[in-house]
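I opened my notebook to record, entry by entry, what I looked up in this structure.

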Amino acid sequence: MDAYLIYEREEGEKNRGFIEMFRREGMRYGISFLFVPKERYKEMPFPVFVLNRTRDKEVSLWYEKENVPVFHDSTVVEIGNDKWRTYSYLKKHMDENSFSLPDTIYLPKFRNEDLYEAVIRAGW
């Protein structure tokens, strides 16, 4: 069974170890993972499934239109690469009691007592 790991060429080179891990683990399950640079994905025969590791939703859409399962589908790629859209999506789809963003405290120079006081003031 063939599966593609699609990356921008330079990202694929940086993530060579990750790709090799997929190849090794895939062999255990009869899956042959192939690194495909983004600029070549349309030239390749359709695989059983795709892991789209680019930030380009068009790559996912290409396979979705052909009913090839895509991990990091076009919706995930589109929303996941925009912090505000991710926040808005999660806020809309999660229970308000389970959704919150962490507060950030910036203390460029502090003593332990200052940190303690800041934590108390923040209500932690």
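**Strands and their partners**

I began with a bridge in the middle of the chain pairing, and I found that Ile6 has Asn52 in E3 as its bridge partner. I kept in mind throughout that I was reading a predicted model.

Looking for further partners in E3, I noted that Tyr4 is matched with Val50. Strand E1 (residues 2-7) and strand E3 (residues 49-52) run parallel and are joined by four bridges.

I then turned to E2 (residues 32-37), which pairs with E1 in the parallel sense over six bridges, and there I saw that Tyr7 stands opposite Pro37.

**The sheet as a whole**

In what order do the strands of the open sheet lie? I wrote down E2-E1-E3-E4, four strands with parallel pairing. The edge strands are E2 and E4 (70-71), since each of these pairs on one side only. I also looked at helix H2 (residues 16-28), which packs on the sheet and touches E1, E2 and E3, while its direction makes about 155 degrees with that of E2.

Is E1 mostly covered or mostly open? I found that it is mostly covered, with five of its six residues buried.

**Nonpolar cores**

I listed the largest nonpolar core, which has 10 residues, including Tyr4, Ile6, Val36, Val50, Tyr63 and Val68. Both E1 and helix H3 (57-64) supply at least two residues of this core. Apart from it I found another core, of nine residues, among them Ala3, Tyr7, Phe49 and Leu51.

I followed Val68 a little further and, leaving aside its neighbours within four places in sequence, I found it in contact with Phe46, Pro47, Val48, Phe49, Val50 and Tyr63.

**Aromatic rings**

How many aromatic pairs does the structure hold? My entry reads 10 aromatic pairs, and I chose to look closely at Phe33 and Phe49, whose ring centres are 5.9 Å apart and whose planes stand at 80 degrees, so the pair is edge-to-face. The cut-off behind that step is that planes over 60 degrees apart count as edge-to-face.

Because Phe33 lies in strand E2 and Phe49 in strand E3, the pair ties together parts that are 16 residues apart in sequence.

I checked whether these two residues are covered: Phe33 is buried, with a relative accessible area of 10%, and Phe49, at 14% relative accessibility, counts as buried too. As a last entry, I recorded that Phe18, Phe22, Phe33, Phe49 and Phe71 form one aromatic cluster.

Key
Residues numbered from 1 in each chain as written. Predicted model: local features only at pLDDT ≥ 70, side-chain atom pairs only at ≥ 80, totals over all residues. Heavy atoms only, no water. Buried < 20%, exposed > 50% of the residue type's maximum accessible area, 1.4 Å probe, protein only. Pairing = 2+ DSSP bridges. Core = buried A, V, L, I, M, F, W, Y, C linked by side-chain atoms within 4.5 Å. Contact = heavy atoms within 4.5 Å. Axes fitted to C-alpha atoms, helices over the stretch in contact; angles between N-to-C directions. Phe/Tyr/Trp six-rings, centres within 6.5 Å; stacked < 30°, edge-to-face > 60°.
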